[in-house]
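I opened this model to see how its strands pair and where its aromatic rings meet. My notes follow.

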Amino acid sequence: YRDSVAGVNVALELGPRSVVGLTGYIGQVDRTTIDGIDGQNAWVFRGGYPTNDTYGAVGLHGALGVGPVDFLAEGAVTYTGGTGVLLKAVATPGRGEVEASLRRYGTDFDNPHARGIAEPDEFEGFRDRDEQGFRLRSQYDILPWLQVRGTGDLWQNISYDIWNLNALGQVRLLPTDTLTLSLFAQRVDRNLAITGRSREYGGSFEDIYDGDEDIDLADSDDRAGTRNQLGVQAQFDAIPRVRLSGYYRRVYEDSALLYPTSANTPCEFWYQIGQYAWVKDQVKPLTNTTISARMRFMDEDVHGSTGDRFAEGYLEVAQTLPGPRVKLALRGTLGADLPDAPSEWKDACARGGEPLLEG
């Protein structure tokens with residue numbers, strides 16, 4: 001398909017940190033599909049465009065700075081009548097920064113060129129649609145060798161009345177000039193009652209559930225898609241022309257697996273536990289020569305046979321030629337799938353039908 005867009009922006013500066021403006025645009029889509037292909041709207045949805053041939057939006061935006069805080073606001077209306085609103089405040093106390101934002105994008109806010117704050121989950125091809133939420137981001141250099149970062153996002157899929165959470169925290173340590181350590185933890189809590197982990201929503205309940213109009217989502221949050229991650233990363237630069245780094249991540253993912261708590265008790269739901277690690281080494285024996293090596297290992301289910309389990313090595317030798325900007329590189333990867341860990345309990349927990357989603 002062909003997409004033609006024309007727009008205009010007018011802004012008035014009221015002061016060094018104050019502005020108000022108007023933005024509008026119109027788009028035209030020429031849906032030209034290959035002969036014999038049905039369902040052309042599927043192509044348009046995948047590209048994130050409305051089903052109307054003509055679309056667009058118009059909106060106002062403004063900003064105001066007061067002391068260490070800047071306030072920003074945007075509001076827009078699409079040609080279909082959908083509305084989107086974003087409010088944000090940014091404060092810079094001392095050696096840190098804090099950003100708080102509120103957002104609401106209506107179900108009919110079909111604006112493919114919106115660039116608002118939004119989660120990756122999509123509704124009919126758009127991130128900035130059918131979503132409202134609050135996000136808080138902060139970073140602070142407590143000491144020259146200690147930095148903290150944090151992000152928390154609580155948002156709702158409006159049409160499904162489902163709340164989700166994404167929280168991430170990181171501590172960065174620089175004990176010496178040659179050593180950097182980073183510790184992080186993340187929790188993602190997304191509802192799986194609609195479309196699993198695909199992050200794609202769309203259509204009506206009838207479309208999703210093949211015409212079943214009796215789906216009751218009142219208890220849909222009984223089993224959420226929870227994923228917890230803990231990790232550490234280190235980088236060491238004390239040896240001249242050598243950089244060493246390593247990374248390890250532990251993942252606890254709610255994947256509706258049944259595990260036995262003991263030999264004499266029923267199977268219960270528990271997290272699928274995975275791990276991922278790598279070690280990298282970069283050496284520059286000569287000014288224009290770089291040798292890079294990496295070893296990595298992944299096991300997506302340390303207690304069973306779900307997901308991948310493999311080890312892999314990577315080596316690259318790169319040479320930059322003097323004079324013209326020409327670089328020659330030779331690289332190779334060698335890896336192997338590994339046998340799964342013993343999982344004798346799998347047979348004991350085989351499902352004899354759909355289990356109750358509890359625990």
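Before looking at clusters, I fixed the term: rings of Phe, Tyr and Trp (its six-membered ring) pair if their centres lie within 6.5 Å. With that in hand, I noted that F184, Y247, Y276 and W278 form one aromatic cluster.

I checked confidence next. This is a predicted model. Its mean pLDDT is 83, and 77% of the residues reach 70 or more. The pLDDT falls below 50 over residues 202-223, a stretch with 33 contacts beyond near neighbours in sequence. It is also below 50 over residues 351-359, where I found 13 such contacts.

Then I went back to the rings. I found 5 aromatic pairs in the structure. One of them joins Y25 and Y55 edge-to-face, at 6.2 Å centre to centre and 75 degrees between the planes. Y25 lies in strand β2 and Y55 in strand β3, so this pair ties together parts 30 residues apart in sequence. Is Y55 buried or exposed? Y55 is buried, with a relative accessible area of 2%. Y25 is buried too, at 13%.

Within the cluster, I looked at Y247 and Y276. They pair edge-to-face, with 65 degrees between the planes. Both are buried. I also saw K280 over the face of W278, 4.4 Å from the ring centre.

Last, I traced the strands. β3 and β4 run antiparallel, joined by 10 bridges. L64 stands opposite F71 there. In their hairpin, G67 takes a positive phi near 60 degrees. β4 and β5 also run antiparallel, with 9 bridges. G75 has V85 as its bridge partner.

Technical notes: Residues numbered from 1 in each chain as written. Predicted model: local features only at pLDDT ≥ 70, side-chain atom pairs only at ≥ 80, totals over all residues. Heavy atoms only, no water. pLDDT = per-residue confidence, 0-100. Contact = heavy atoms within 4.5 Å. Pairing = 2+ DSSP bridges. Helix = DSSP H or I, 4+ residues; strand = E, 2+ residues; numbered from the N terminus. Phe/Tyr/Trp six-rings, centres within 6.5 Å; stacked < 30°, edge-to-face > 60°. Buried < 20%, exposed > 50% of the residue type's maximum accessible area, 1.4 Å probe, protein only. Lys NZ or Arg CZ within 6 Å of the ring centre and 35° of its normal.
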